[in-house]
Amino acid sequence: MDEAQGLERVSQRAAEAAQHVEAVRQQSGEELRQALAGARGSSGTHGGPPRGAAADAEEHAGPTWHHLRESWHRHVGAARDRASEREARHDVGVARREADYAERYALEAVDFALEAVDEAEYAALRALEARLEAEEAAGLGGTPEP
């Protein structure tokens, strides 16, 4: 998969997520809980260990993305633990405050994702520029790749 295909995959996945959330919004409480359980099971499957070229790129890019990914997974786990604890509470005031928190958290996660897409776009463009520079250098008498 190249950079543009990766960004297209992100775009498609974001559209799918938006459609799924809108569809679930119209469902009953039990259907919502089932959808949430399914999302818990599948979330993070895209953030597993990198494979192939992505693993090589991570090795050369340094630990920054690896640490960010680990930090994000810890954060998501803690947020989900808090959500599970909240499910046991019955106080209406607490439930409303927790709903407010959950809504703010969702918006923050969207902002984070948008920033990640922006960074992915920049990284993809930078990769294209680097490849162009390498090809230009090779054409101008630079050392050809082995």
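Guide: Accessible areas here come from the Shrake-Rupley method with a 1.4 Å probe. Keep in mind as we go that the model is predicted.

Visitor: Good to know, thanks! What share of the accessible surface of the chain belongs to carbon and sulfur atoms?

Guide: Let's start from the total, since the share refers to it. The accessible surface of the chain comes to about 11600 Å². The part of it that belongs to carbon and sulfur atoms is 56%.

Visitor: And what percentage of the residues count as buried?

Guide: To count as buried, a residue needs a relative accessible area under 20%. The chain has 146 residues. The percentage of them that count as buried is 6%.

Visitor: Which pattern does the chain follow along the sequence?

Guide: Happy to walk you through it. The chain holds five helices and zero strands, and one of these helices is α5, at residues 92-139. Read along the sequence, the pattern is α-α-α-α-α.

Visitor: How many of the contacts between residues at least 6 apart in sequence join residues at least 24 apart?

Guide: Here a contact means heavy atoms within 4.5 Å. Taking the contacts in the chain between residues at least 6 apart, the share that joins residues at least 24 apart is 60%.

Visitor: Let's turn to charges. Where along helix α1 do arginine 13 and glutamate 16 stand relative to each other?

Guide: Their side chains meet in a salt bridge, at 4.0 Å from N to O. Both ends are partly exposed, arginine 13 with a relative accessible area of 39% and glutamate 16 at 45%. Because they are three residues apart in helix α1 (residues 3-25), their separation is about one helical turn.

Visitor: Which residues are linked in a network of salt bridges?

Guide: Follow arginine 126, which forms a salt bridge with glutamate 129 at 3.0 Å between the closest N and O atoms. Arginine 126 also forms a salt bridge with glutamate 133, where the closest N and O atoms are 3.9 Å apart. The network therefore links residues that by the 4 Å rule are joined through side-chain nitrogen and carboxyl oxygen, and its members are Arg126, Glu129 and Glu133.

Visitor: Are the members of that network buried, partly exposed or exposed?

Guide: Relative accessibility settles it, with partly exposed lying between the 20% and 50% cut-offs. Arginine 126 has 34%, glutamate 129 has 39% and glutamate 133 has 40%. So each of the three counts as partly exposed.

Visitor: How many salt bridges does the count come to?

Guide: One is the pair of arginine 13 and glutamate 16. Arginine 126 takes part in the bridges to glutamate 129 and glutamate 133. By the rule used here, the count comes to three.

Visitor: Is glutamate 115 in the negative surface patch buried or exposed?

Guide: The patch is formed by Glu108, Asp111, Glu115, Asp118, Glu119 and Glu121, and glutamate 115 is found in helix α5. Its relative accessibility is 54%, and the cut-off for the upper class is over 50%. That is why glutamate 115 counts as exposed.

Visitor: Last one! Which residues make the nonpolar surface patch?

Guide: One member, phenylalanine 112, has its place in helix α5 and counts as partly exposed at 31% relative accessibility. That value passes the patch cut-off of over 30%. The patch covers about 270 Å² and is made by Trp65, Leu68 and Phe112.

Terms used:
Residues numbered from 1 in each chain as written. Predicted model: local features only at pLDDT ≥ 70, side-chain atom pairs only at ≥ 80, totals over all residues. Heavy atoms only, no water. Patch = residues over 30% accessible without salt bridge, like charges linked within 9 Å, V, L, I, M, F, W, Y side chains within 5 Å. Lys, Arg positive; Asp, Glu negative; His and termini not counted. Charge placed at Lys NZ, Arg CZ, Asp CG, Glu CD. Helix = DSSP H or I, 4+ residues; strand = E, 2+ residues; numbered from the N terminus. Buried < 20%, exposed > 50% of the residue type's maximum accessible area, 1.4 Å probe, protein only.
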